[in-house]
Amino acid sequence: MSTEPSAERDLDGLGEQATDGNTRLTDISGGTEGRSMASIPEYYAGKNVLITGATGFMGKVLVEKLLRACPEVRALYLLVRPKAGQSMEQRVSDMMTCKLFDRVREVNPDFHLKIIPISSELTQPGLAISPEDVERLSACINVVFHCAATIRFDEPLKHALQLNVIATQQLLSLAKQMQHLEAFVHISTAYANCNRKHIDEVIYPPPVEPKKLIDSLEWMDDSIVRDITPRLIGDRPNTYTYTKALAECVVQQEQDKLNIAIIRPSIVGASWQEPVPGWIDNFNGPSGVFIAAGKGILRTMRANNDAVADLVPVDMVINLTLAAGWYTAVHRRKTEKQKDERPKSALVYNCTTGGINPFHWGQIEHHVMSSFKRNPLEQAFRRPNANITSNYLMNQYWILVSHKFPALIYDFVLRLSGQKPQMMRIFNRLHKAIGLLEYFSSQDWEWNSENMSMLMGQLTPEDRRTFNFDVRQLNWPEYIENYCIGTKKYVLNEDMSDIPAARQHLKKLRNIRYTFNTLLVVFIWRVFIARSQMARNIWYFVVSLCFKFLSYFRASSTITK
């Protein structure tokens, strides 16, 4: 393993405290003052970096940030597989034409020359990397960022195990062959241990030994695996969190051979500041929910208004990831430097916001609705007006009244006009997606974030500005506003200049709603009330009670004054 000269300097003030067999750094008062160490851009200068999952949401932001903030990085090797009829070169080329890279393109139009795609397939033995590429990577790679994973909550266990665990094992095997590797950074999730209420920055014992599970499932038919999956995952909500916990164990098993860091982000959302506020490119997680609410399709969601919505902006996660790569490679504990040994424990960073700068689901609902009324989406189905409730029966009632009935009516109109009905299918998909999120929107967790705070204390003032992951600086209302605008601009590709027309469309929908409600009241009166003396008596009694209550309320207010 090669190290920079700066890696040989002492780190005064850093001690270690064992917790469940894991290491946490304490006593961070020393900071970086009085030390001569490479800054983050200086460290990555001249380095060859391997990135998995580079064409995914977080991977794209990681590539962009490295190229922009560390312009002297030598090369980025991206493991990419052919997909949907596109070669790996085409996929990387399409990625680089994305608006995300506009700022990099302005500074360095030839940035693409630093990007080297490597053909790979995570589901194949040895990641399907050719022997020539294995030799090439083994000879030059200095840092590995492992971002690739399946994030589908309902992924079949066998496939999730292959992508999240076995692929991680094989990448670690490749990493051990790399002659100049200085840091291996694994992206996990803060929900890997969601069966616990308090989660420290440690690697917890796995639910099962990964090798035993892999060997057991290898011979099983898919139908058998599907049947036993609920028993296997136990008190975890899905195969995603289950396999990410197993992947952490796999990474931990190599911590005495490699310099390892594990990043655990919570719910990763749109960018906060970089490269532009609100950048997002997918419907995953809260993005799809926001869009459905903005379109007026989603009217109700089961969640706890008072539960913390642990959103974290993608650029903050990436800034922490790059800083952790730098820290893992450059810093050595004094005793290990003297013995020329590698660190014996992987450092874990819980990248969350709830414990430091909490924001709740009820607040998110308010700000999302407000934002989409100011900046409406084009061709909304109804005016944005979603409600969050933790009551199961109330949620089912609103699903029936606000989702299924309108969908049936809309599909009926489509059939009459000779078109294919589609709204009920859309709502069924929406209900399935929301159902997968209920576990995370209905409860709270407490994440320890001491290592994240420690790492922040080790950065120079300049690096703190360039690689900012201080979640205390998040202004949530402003962030949610930019997030909603980002879904409009970057996911739906809508033009902001069309907002006046979209507002007119909302007014039209409002008028249609008022007209429909008026006709409904007239219909009910004519059919059910006007024809029955008893119904009229009940109606007049209720109306008179309302007037009496209003009169009493006004009189009480006058007396009080």
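Trainee: Which residue's side chain does R264 join through a polar contact of 2.8 Å?
Mentor: Happy to start there, and do keep in mind that this is a predicted model. The side chain of R264 takes part in a polar contact of 2.8 Å. The partner side chain belongs to E248.

Trainee: Is R264 buried or exposed?
Mentor: Let's place it before we judge it. R264 sits in strand β9, which covers residues 260-265. Its relative accessibility is 0%, and a residue under 20% counts as buried. Therefore R264 is buried.

Trainee: How many of the 6 residues of β9 are buried?
Mentor: Look at the strand one face at a time. On one side I260, I262 and R264 are buried, and on the other side A261, I263 and P265 are buried. The strand is largely enclosed by the rest of the structure, because the number of its residues that are buried is 6 of the 6.

Trainee: Which residue in β13 is the bridge partner of R264?
Mentor: Strand β9 runs parallel to strand β13, residues 347-351, and 5 bridges join them. Within that pairing, the partner of R264 is N350.

Trainee: And which residue of β9 is the bridge partner of V185?
Mentor: For this one, turn to strand β7, residues 183-187, which runs parallel to β9 and is joined to it by 4 bridges. The residue of β9 that partners V185 is A261.

Trainee: Which strands stand at the edges of the open sheet?
Mentor: Follow the order of its 7 strands, β5-β4-β3-β6-β7-β9-β13, with parallel pairing. An edge strand has a single partner strand, so one side of it is left without a neighbour in the sheet. The two strands placed like this are β5 (115-119) and β13.

Trainee: By how many degrees are neighbouring strands of this sheet turned against each other on average?
Mentor: We are still with the open sheet of 7 strands. With direction ignored, the average turn between its neighbouring strands is 20°.

Trainee: In β4, which residue is the bridge partner of T52?
Mentor: Strand β3 (residues 48-52) pairs with strand β4 (residues 75-80) in the parallel sense, over 5 bridges. In β4, the residue that partners T52 is L79.

Trainee: At about what angle does helix α11 run to β9?
Mentor: Helix α11 spans residues 314-330. It lies across several strands, namely β6 (143-146), β7, β9 and β13. Its angle to β9 is about 165°.

Trainee: How does α6 lie relative to α7: parallel, antiparallel, perpendicular or oblique?
Mentor: Helix α6 (residues 157-175) packs against helix α7 (residues 210-218) with axes 11 Å apart and an angle of about 135°. Residues that meet include L161 and V165 in α6, and L213 and I214 in α7. The crossing of the two is left-handed. That angle makes α6, relative to α7, oblique.

Trainee: How many residues of helix α10 are buried?
Mentor: Helix α10 takes in residues 286-294 and is mostly covered. Among the elements that cover its buried residues are β10 (267-269), α13 (361-374) and α18 (476-491). F290 and I291 are among those buried residues. The count for the helix is 9 of its 9.

Trainee: Which residue just after α10 takes a positive phi?
Mentor: Step just past the end of that helix, and you meet a phi of about 80°. The residue is G296.

Trainee: Finally, what percentage of the chain's residues count as buried?
Mentor: The chain holds 20 helices and 15 strands. Of its 561 residues, the share that counts as buried is 52%.

Technical notes:
Residues are numbered from 1 along each chain as its sequence is written. This is a predicted model: local features need pLDDT of at least 70, side-chain atom pairs count only at pLDDT 80 or more; totals for chains, interfaces and linings use all residues. Side-chain values use heavy atoms; hydrogens and water are left out. Buried means under 20% relative accessible area, exposed over 50%, partly exposed in between (1.4 Å probe, protein chains only). A polar contact is a pair of N or O atoms within 3.5 Å; within protein, one must be able to donate a hydrogen and the other to accept it, and residues adjacent in sequence count only if both atoms are side-chain atoms. Two strands pair if DSSP finds at least two bridges between them. Axes are lines fitted to C-alpha atoms, for helices over the stretch in contact, and angles run from 0 to 180 degrees between N-to-C directions. Angles under 35 degrees count as roughly parallel, over 145 as roughly antiparallel, 65 to 115 as roughly perpendicular and the rest as oblique. A crossing is left-handed if the near helix is turned anticlockwise from the far one by less than a right angle, and right-handed if clockwise. Contact means heavy atoms within 4.5 Å.
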